[in-house]
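The following note is offered for review of the structure shown below. Its points concern the annotated site and the relation of the two chains.

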Protein chains: 2
Amino acid sequence: MYRSHSCGELRIADTNKEVTLAGWVQKSRDKGFMVWVDLRDRYGITQLIFDESRTDAAIMQQAKSLGREFVIQVKGQVIERESKNANMPTGEIEVLVSELELLNESQIPPFTIEDDTDGGEDIRMKYRYLDIRRNPVKNALLFRHKVTQEVRNYLSSLDFCEVETPYLIKSTPEGARDFVVPSRMNPGQFYALPQSPQTFKQLLMVAGMDRYFQIVKCFRDEDLRADRQPEFTQIDCEMSFIEQEDILDVFEGLTRHLLKKIHNLDISKFPRMTFDEAMRKYGNDKPDIRFGMEFGELNAVTQHKDFAVFNHAELVVGIAVPHAAGYTRKQIDELIEWVKRPQVGATGMVYCKCEADGSFKSSVDKFYDQEDLAKWAAATGAKAGDLILVLSGPTLKTRTQLSALRMELGNRLGLRKPHEFAPLWVIDFPLLEWDEESARYHAMHHPFTSPKPEDMHLLDSDPGKVRANAYDLVLNGNEIGGGSIRIHDKETQALMFKHLGFSTEEAQEQFGFLMNAFQYGAPPHGGLAFGLDRLTAILGGQETIRDFIAFPKNNAGRDVMIDAPSSIATAQLDELNIGLKNK
Amino acid sequence: MYRSHSCGELRIADTNKEVTLAGWVQKSRDKGFMVWVDLRDRYGITQLIFDESRTDAAIMQQAKSLGREFVIQVKGQVIERESKNANMPTGEIEVLVSELELLNESQIPPFTIEDDTDGGEDIRMKYRYLDIRRNPVKNALLFRHKVTQEVRNYLSSLDFCEVETPYLIKSTPEGARDFVVPSRMNPGQFYALPQSPQTFKQLLMVAGMDRYFQIVKCFRDEDLRADRQPEFTQIDCEMSFIEQEDILDVFEGLTRHLLKKIHNLDISKFPRMTFDEAMRKYGNDKPDIRFGMEFGELNAVTQHKDFAVFNHAELVVGIAVPHAAGYTRKQIDELIEWVKRPQVGATGMVYCKCEADGSFKSSVDKFYDQEDLAKWAAATGAKAGDLILVLSGPTLKTRTQLSALRMELGNRLGLRKPHEFAPLWVIDFPLLEWDEESARYHAMHHPFTSPKPEDMHLLDSDPGKVRANAYDLVLNGNEIGGGSIRIHDKETQALMFKHLGFSTEEAQEQFGFLMNAFQYGAPPHGGLAFGLDRLTAILGGQETIRDFIAFPKNNAGRDVMIDAPSSIATAQLDELNIGLKNK
């Protein structure tokens with residue numbers, strides 16, 4: 001061992017001890033007759049002191065030559081500092097160095113190894129191995145480890161068994177976003193990397209494993225939106241002989257356990273909201289309920305006057321922005337421009353100031369009188385001093401726009417507090433989703449999601465209204481998990497395929513393997529998967545996942561550190577029986 | 001929840017309770033007026049009873065119609081059994097059924113779901129989801145979970161941080177056995193799946209993570225020998241600021257922890273053996289030391305007579321087979337034929353019986369007298385009643401042959417007891433290995449393995465004699481882990497590349513990325529990786545890994561259950577910018 005203690009360990013009680021430390025030179029100050037070096041390792045920083053009157057001249061000289069990020073080992077005595085630093089755990093002591101060994105030199109790092117670095121995203125990613133030396137990234141990785149350990153301990157204590165499912169699996173016809181892997185031993189054939197272990201976890205239920213989980217990498221070759229990764233990690237779970245309520249119980253328990261263990265927060269029963277309610281109140285199936293600004297539907301109180309824009313709209317809907325009645329015309333115009341950006345897509349926005357004196361001032365005063373506007377305030381819950389913002393148009397589109405505005409305002413007004421946690425179950429998702437392009441219904445989750453028995457009769461008459469035993473766990477406006485109860489009987493499954501527009505042959509071709517397995521005694525089962533990257537980021541009080549992944553890829557799916565993907569040798573292609581197109 | 005209790009839970013103390021159980025019909029016995037059904041779930045089996053005098057006629061009828069592996073839910077009362085079964089935990093009770101719901105039917109399974117099944121390997125693999133219902137496979141998976149949990153708890157308690165390294169990495173020129181993944185977004189470019197996270201774990205040390213581990217899938221596209229998998233799991237570890245002794249300490253501690261937690265075995269300090277000694281005593285760098293039969297080198301006591309075979313041999317070496325002096329001529333001939341099989345490749349074998357009366361009877365009595373043979377006995381440690389078997393020829397080849405024979409005899413004589421555990425460190429591996437094909441030295445482990453400082457001077461004069469700071473952990477004759485201290489300074493690294501025959505340019509091209517990272521303050525570091533599949537199998541008292549993997553592939557790298565790999569659509573190939581050769 002190169003050290004007797006870590007750099008985060010020594011305290012005043014260790015005074016006079018002879019210690020050996022090893023680590024990186026964080027920084028040094030050379031006062032001529034004295035040199036101080038901050039020595040850093042994963043566990044902290046300890047100040048070293050070299051002093052002309054007490055330190056050997058050769059060592060003194062060596063200390064003066066140390067550059068940033070040099071790796072050294074020192075021996076010395078723990079002494080009490082003259083000027084203590086209350087901001088660091090080791091701030092009461094320093095080590096008077098008697099021996100110094102240079103273990104390795106370092107080139108000057110391309111950015112400073114500080115909490116607030118001068119390095120931009122690109123350079124930090126290229127030198128990720130230096131970026132990880134910085135506390136924010138290092139701590140994010142340590143935090144992730146803690147989260148996964150707690151997840152594993154909690155689920156194991158409930159008899160869940162972690163089972164590793166294969167990574168080299170089979171591409172499916174609908175697997176357009178599969179990464180594939182040519183097989184050298186089986187020329188012309190390919191494995192696929194799993195988009196999720198969905199099939200395997202259901203097979204494990206058929207296999208009687210009863211309670212399965214796995215923290216597992218999944219792969220999706222899709223065009224990357226911001227903050228998506230081609231490889232990502234799921235906490236994947238499945239249970240047998242359970243109903244929806246049991247799954248919600250277990251994973252609410254898991255989330256509560258994490259919040260308790262990590263933030264010492266006690267959160268009682270999570271609120272639940274149906275998909276319909278979430279859409280109505282927040283325009284969003286993953287609402288951030290840390291703050292209000294619930295939607296107020298205004299059709300009833302706006303469509304009786306001559307304002308054609310509202311009268312022709314399927315939906316008129318508003319929110320009350322707290323304490324914003326004082327916004328200037330310029331501020332309001334900026335908000336109007338914001339919702340008109342193509343990313344949001346509104347055509348305009350109406351506002352109404354709820355003045356302190358109880359009167360109202362709106363951009364549509366020509367059409368609506370004080371009595372009308374009072375009803376708007378009532379519907380949106382606006383109080384004196386608030387600002388009502390109103391959008392109108394097709395229902396889904398308008399809700400989505402207003403939701404974007406609500407979230408933006410939540411951010412701007414500091415209502416989305418990173419260390420406040422507001423979990424929420426969104427339940428009763430629709431079973432089917434209309435797809436404009438193929439002009440047919442698709443399974444909103446996947447074709448094995450079970451419909452609610454009481455809605456089955458709607459499958460023919462009003463398929464879009466059929467609700468599923470499907471649920472999402474939402475945390476602070478992010479979907480962190482989702483799942484469903486699966487169909488386990490073949491009659492329901494056949495019915496589903498029919499309504500999804502699969503012929504018996506197509507269903508057999510695409511899902512036959514699992515359906516065959518189901519013929520050997522499939523138990524009732526269901527499950528859920530958490531996105532670990534996002535869960536960890538949100539629990540860590542952040543919204544971007546990148547620092548919670550040790551070696552992330554950029555938006556082009558590239559690892560800029562190792563420069564992957566890259567071309568490979570023709571000989572290697574030959575051996576795999578493949579060739580490049582257009583070559 | 002479909003049940004109030006599991007099928008492994010009820011005891012005599014539960015008598016009279018009303019319970020709900022759910023599971024699979026293991027078997028049923030129909031005595032006409034009475035029907036018994038064994039109901040099985042992951043946790044055990046509970047006997048259900050249906051009785052004409054106490055059970056509703058309709059339910060009675062339904063019970064009679066239940067087939068094997070049907071999935072049912074029952075409600076009923078726990079009653080004391082008339083004839084108890086001491087062999088099952090629930091054997092004192094049964095459940096008198098009052099309600100029965102058929103949850104799912106099952107086709108007749110293609111093999112019996114019993115500990116000893118009538119299904120062959122192929123059919124069991126094809127229906128692995130049924131095979132896992134069998135106790136031996138189910139228990140192996142539960143056991144694997146327990147092992148990984150204990151590994152994670154132990155390493156976490158020592159400040160190791162589990163970090164997920166990427167799966168989509170870069171193919172390296174020497175990565176002939178890389179699986180590659182075409183990138184759709186980066187046409188003509190490929191990711192590679194990691195053969196191990198070696199580069200990344202060393203980068204994590206450069207990054208200051210100090211103590212890293214990961215239980216991680218690795219991939220190798222090699223022709224599969226028996227009991228190898230194209231995807232396999234490693235417990236991968238790396239530490240900074242340590243010496244070899246520290247690594248041996250930590251992972252000896254881990255292994256001891258597992259043996260204690262799993263088998264309640266206390267094993268004191270693991271013995272250590274140099275590579276040279278292992279080769280000399282056991283002809284093998286992973287000796288099974290659960291039994292003796294150490295090699296006795298016989299050159300000194302055989303090469304002074306007229307037996308040309310021995311006189312011309314580089315090595316004459318024997319083992320004493322305990323209590324085998326009574327072997328018949330036929331038995332001995334069979335052993336001679338066994339070593340002459342091409343898989344072993346000996347040209348012949350000499351034997352010497354150590355008779356009970358202290359005399360000797362050998363197949364070469366013509367050349368050696370009793371006094372000579374007494375020396376053989378002394379060298380091999382043979383006692384009266386033992387049988388000495390002697391091979392001769394080139395040193396390495398002969399040792400390998402005799403090692404194969406020793407292991408075979410260990411098996412035949414029942415000396416390799418599955419529930420006896422004999423760990424062993426093999427240390428001081430050679431740094432370099434001569435490769436006949438390329439007529440040069442190769443790194444035995446990898447090119448970053450550090451040579452022993454005291455052997456550095458031999459690099460020029462006798463490279464094959466240079467020992468490395470490399471070590472294997474051997475358990476019961478299997479290498480379960482191995483690793484090394486890495487080179488962290490560029491002078492030694494440059495020297496190594498020179499001796500491995502890399503030009504500066506070649507070294508830069510193949511290893512430049514890691515070498516560059518090392519210029520920013522690489523700490524002294526080293527590590528180790530365990531093969532989880534094998535470790536688990538051996539801890540579970542077995543030698544084959546297949547049942548400890550939920551969904552293994554066969555020797556052709558195929559998953560016969562899902563039928564992967566398989567061909568994919570031309571459209572998909574097009575989108576990936578690749579095509580098949582010879583098409």
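1. A helix here is a DSSP run of type H or I with at least four residues, and helices are numbered from the N terminus. In this predicted model, A:Arg534 belongs to helix 16 of chain A, which covers residues 532–539.

2. The unreviewed UniProt entry lists A:Arg534 under "binding site". The record also gives A:Arg220, A:Asp221, A:Glu222, A:Gln229, A:Glu479, A:Gly531, A:Leu532 and A:Asp533 under that heading.

3. Is A:Arg534 buried or exposed? A:Arg534 counts as partly exposed, because its relative accessibility is 22% and the buried class requires a value under 20%. Leaving aside residues up to four places away in sequence, A:Arg534 is in contact with A:Asp227, A:Asn478, A:Glu479, A:Glu543 and A:Ile545. Among these partners, A:Glu479 is itself listed by UniProt for the binding site.

4. A:Gln229, another listed position, sits in the loop that joins strand 9 (211–219) to strand 10 (231–240) of chain A. With 6% relative accessibility, A:Gln229 is classed as buried. Beyond residues up to four places away in sequence, its contacts are A:Leu224, A:Ile545, A:Arg546, A:Ile549, A:Pro552 and A:Lys553. A:Ile545 thus appears among the contacts of A:Gln229 and also among those of A:Arg534.

5. How is chain B laid on chain A? A turn of 180 degrees with a shift of 0.0 Å along the axis superposes chain B on chain A, with an RMSD of 0.0 Å. The two copies are therefore related as by a two-fold rotation axis. Both copies use the same surface, as 100% of the contact residues of chain B recur in chain A.

How values were computed
Residues numbered from 1 in each chain as written. Chains lettered and ligands numbered in written order. Predicted model: local features only at pLDDT ≥ 70, side-chain atom pairs only at ≥ 80, totals over all residues. Heavy atoms only, no water. UniProt positions renumbered as here; feature names shortened; annotations may be inferred. Helix = DSSP H or I, 4+ residues; strand = E, 2+ residues; numbered from the N terminus. Buried < 20%, exposed > 50% of the residue type's maximum accessible area, 1.4 Å probe, protein only. Contact = heavy atoms within 4.5 Å. Least-squares fit on C-alpha atoms with pLDDT ≥ 70 in both.
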